[in-house]
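Biologist: I'm new to this structure and would love a close look at one part of it, the largest pocket. Could you walk me through it, with enough of the surroundings for me to find my way?

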Amino acid sequence: MASFALRKVISQVPRNVLYLSTRSLSKNLIDTYSMEHATGLEKKELMAKAAGNENPFDMRVYKRGPGTKTDPNIIPSAYQERLIGCICEEDATCINWMWLEKGEPKRCECGYWFKLIDAKPL
């Protein structure tokens, strides 16, 4: 009777058991590992972040200032031209894209002015 009960209990237990193993590496080890094996643009990005530049590709969102022709919104760039996007209205669902070139300020469709200035390259 006991062996029958034991067989019944064993048959009810699920046969597939999942064992999870986790590894915890220190953040310092991960940073060292990544820096040693990175190449090209990824290595430049990691080196810039290690030097304290959290935004090495300058991809942050700038808040618009007054945006007049005499006082345009300043956009830094290491190149002669840059693609920028303007969210003209706060509740807009699309972005107005335009190419901005160094030199004269350029006006967006919404009336704000932008100007490209020199910035230090990566």
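Modeller: Of the 122 residues in this chain, 17% count as buried. Please keep in mind that the model is predicted. The chain has three helices and five strands, and reading along the sequence gives the pattern α-α-α-β-β-β-β-β. Among contacts with a separation of 6 or more, 40% are between residues 24 or more positions apart.

Now to the pocket you asked about. Rolling a probe the size of a water molecule over the atoms shows where empty space is left. In the largest pocket, that space comes to about 1,200 Å³. Its lining is made up of 38 residues, and those nearest the centre are Asp-58, Met-59, Arg-60, Tyr-62 and Arg-82. If you sort the lining by class, you find 23 nonpolar, six polar and nine charged residues.

Which elements should you look for around it? Helix H3 (40-50), strand E1 (73-77) and strand E2 (81-86) each supply at least two residues of the lining. E2 gives the most, with six residues.

With those elements in view, let us visit the loops that join them. Start in the loop between H3 and E1, where you will find Phe-57. Phe-57 has a relative accessible area of 35%, so it is classed as partly exposed, the range between 20% and 50%. Twelve residues separate Phe-57 from Glu-45 in sequence, and their C-alpha atoms are 8.0 Å apart in space.

Next, move on to the loop between E1 and E2, which holds Tyr-79. The relative accessible area of Tyr-79 is 62%, and because exposed means over 50%, Tyr-79 counts as exposed. Leaving aside residues up to four places away in sequence, Tyr-79 touches Lys-102 and Leu-116. Leu-116 is 37 residues from Tyr-79 in sequence, while the C-alpha to C-alpha distance between them is 9.3 Å.

For a contrast, go back to the loop between helix H2 (27-37) and H3, where Ala-38 is found. Ala-38 has a relative accessible area of 5%, and since buried means under 20%, this residue counts as buried. Not counting residues up to four places away in sequence, Ala-38 touches Lys-43 and Leu-46.

One last stop is about aromatic rings. The structure holds zero aromatic pairs. There is, however, a charge over a ring: Arg-64 lies over the face of Tyr-112, at 3.9 Å from the ring centre.

To find the pocket again on your own, begin with Asp-58, Met-59, Arg-60, Tyr-62 and Arg-82, the lining residues nearest its centre. Then look for H3, E1 and E2, which each supply at least two residues of the lining.

Terms used
Residues are numbered from 1 along each chain as its sequence is written. This is a predicted model: local features need pLDDT of at least 70, side-chain atom pairs count only at pLDDT 80 or more; totals for chains, interfaces and linings use all residues. Side-chain values use heavy atoms; hydrogens and water are left out. On a 1 Å grid over the protein atoms alone, a cavity is a set of points where a 1.4 Å probe fits but cannot get out, and a pocket is an open set with protein on both sides within 12 Å along at least five of seven lines; lining residues have an atom within 4 Å of a point. Grid points are joined across faces, edges and corners, and a volume is the space filled by probe spheres set on the points. Helices (H or I, at least four residues) and strands (E, at least two) are DSSP runs, numbered from the N terminus. Ala, Val, Leu, Ile, Met, Phe, Trp, Tyr, Cys and Pro count as nonpolar, Asp, Glu, Lys and Arg as charged, and the others, Gly among them, as polar. Rings of Phe, Tyr and Trp (its six-membered ring) pair if their centres lie within 6.5 Å; planes under 30 degrees apart count as stacked, over 60 as edge-to-face and the rest as tilted. A charge sits over a ring if NZ of Lys or CZ of Arg is within 6 Å of the ring centre and within 35 degrees of the ring normal. Buried means under 20% relative accessible area, exposed over 50%, partly exposed in between (1.4 Å probe, protein chains only). Contact means heavy atoms within 4.5 Å.
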